[in-house]
Amino acid sequence: YFFASIEVENTCLGEESEFTLLVSNEFDSISWNFGDGSPTSSETIPTHTYTNPGTYNVVATITYAGEDFTFSQNVTIAAIPIANDAPNLTLCDISDDGTENFVLSNNTEIILGDQNPNDYEVTYYDSLENAQNANLPVNSNSFNNTSDPQIIYARVQNTSNTSCYDVTSFMVSTMAIPAINAANEERICANSNDYITLSSGITS
């Protein structure tokens, strides 16, 4: 009797995928077929780098006590997305306290670019560590900044394998509303040919 199961780590495109076996007994030899037409490997714990995303049938042929046993496992290699640069977001500081409510998701389409939103998702974080660990995302549709300016980190991850991701960042900041000095009142009659010259900072 002999039993084995295949386990794999690092399944994002471009990573070195590492293959291991859980076996019921010590074996004599092994041959790995990685399912992509590449040369086989006789290493007990081999690594392999796939050049295209997709699902591959990995086969391990094991010789034990003079008999060959074959075990297989489908391995899906997922593409790593690109987090495109996004513009900074600026709002007028209505309450004059350096805090405003930002809609971070306004940058989602720009960050995704031409990547399919059904295949990739964007989440937002207030620290790089949280973005890298996908920990404590902020509300992308209603975010109140806690410093001014503040760096926001956007994580783009593959929905089929969330360990395949990329991170970009942008700033959110407020802008003080300019003070308007009171000016002398001017009056003209309707339908007259008189003119008033308005300086900058005047609103109607």
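Two strands are counted as paired if DSSP finds at least two bridges between them, and in this predicted model that idea of pairing can be followed down to single residues, such as asparagine 158, whose bridge partner in β12 is asparagine 161.

## The chain as a whole

The chain holds two helices and twelve strands, and from the N terminus on these elements run β-β-β-β-β-β-β-β-α-β-α-β-β-β. Of its 204 residues, 32% count as buried. Among the contacts between residues at least 6 apart in sequence, 58% join residues at least 24 apart.

## The four-stranded sheet

One open sheet is formed by four strands in the order β7-β12-β11-β9, and its pairing is mixed. Because β7 and β9 (120–125) stand at the edges and each has a single partner strand, one side of each is left without a neighbour in the sheet. From one strand to the next, the twist averages 25 degrees.

Within this sheet, strand β11 (residues 150–158) and strand β12 (residues 161–175) run antiparallel and are joined by nine bridges, with asparagine 158 and asparagine 161 as one of the partner pairs. Strand β11 also runs antiparallel to β9, to which six bridges join it, and here valine 122 stands opposite valine 156 in β11. Although β9 is an edge strand, it is mostly covered, since five of its six residues are buried. In a regular strand the side chains alternate between the two faces of the sheet.

## The three-stranded sheet

A further open sheet is made of three strands in the order β3-β5-β6, with antiparallel pairing. Its edges are held by β3 and β6 (67–77), each with a single partner strand, so that one side of each is left without a neighbour in the sheet. The twist from one strand to the next averages 15 degrees in this case. Five bridges join β3 to strand β5 (residues 54–64), the two running antiparallel, and the bridge partner of isoleucine 30 in β5 is isoleucine 62.

## Residues in the loops

Several loop residues deserve a closer look. Aspartate 93 lies in the loop between β7 (89–92) and β8 (101–102). Aspartate 93 is buried yet has no salt bridge, and the nearest side chain of opposite charge, that of arginine 155, is 31 Å away. Leaving aside neighbours within four places in sequence, aspartate 93 is in contact with Gly98, Thr99, Glu100, Thr174, Met175, Ala176 and Ile177.

Proline 46 is found in the loop between β3 (29–33) and β4 (47–48), and it counts as buried because its relative accessible area is 1%, where the cut-off for buried is under 20%. Beyond the neighbours within four places in sequence, proline 46 is in contact with Ser17, Glu18, Phe19, Trp32, Phe34 and Ser41. Proline 46 and glutamate 16, which are 30 residues apart in sequence, lie 9.6 Å apart in space, C-alpha to C-alpha.

Asparagine 141 has its place in the loop between α2 (128–133) and β10 (143–144). The C-alpha atoms of asparagine 141 and valine 103 are separated by 4.5 Å, with their positions 38 residues apart along the chain counted as their separation. With neighbours within four places in sequence left aside, the contacts of asparagine 141 are Asn101, Phe102, Val103 and Ser105, and its side chain makes a polar contact with the side chain of serine 105 at 2.6 Å.

## Backbone features

Proline 149, in the loop between β10 and β11, is joined to aspartate 148 by a cis peptide bond with an omega of about 5 degrees. Two other residues have a positive phi although neither is a glycine, and the table sets them side by side.

| Residue | Phi | Loop | Relative accessibility |
|---|---|---|---|
| Asparagine 10 | about 65 degrees | between β1 (4–9) and β2 (17–23) | 40%, partly exposed |
| Aspartate 96 | about 55 degrees | between β7 and β8 | 64%, exposed |

Which class of exposure does asparagine 10 fall into at 40% relative accessibility? Asparagine 10 counts as partly exposed, because that class covers the values between the limits for buried, under 20%, and exposed, over 50%. Aspartate 96, at 64%, counts as exposed. Aspartate 96 is found in the loop between β7 and β8, which also holds the buried aspartate 93.

Conventions: Residues are numbered from 1 along each chain as its sequence is written. This is a predicted model: local features need pLDDT of at least 70, side-chain atom pairs count only at pLDDT 80 or more; totals for chains, interfaces and linings use all residues. Side-chain values use heavy atoms; hydrogens and water are left out. Buried means under 20% relative accessible area, exposed over 50%, partly exposed in between (1.4 Å probe, protein chains only). Lys and Arg count as positive and Asp and Glu as negative; His and the chain ends are not counted. A salt bridge is a side-chain nitrogen of Lys or Arg within 4 Å of a carboxyl oxygen of Asp or Glu. Contact means heavy atoms within 4.5 Å. Axes are lines fitted to C-alpha atoms, for helices over the stretch in contact, and angles run from 0 to 180 degrees between N-to-C directions. A polar contact is a pair of N or O atoms within 3.5 Å; within protein, one must be able to donate a hydrogen and the other to accept it, and residues adjacent in sequence count only if both atoms are side-chain atoms.
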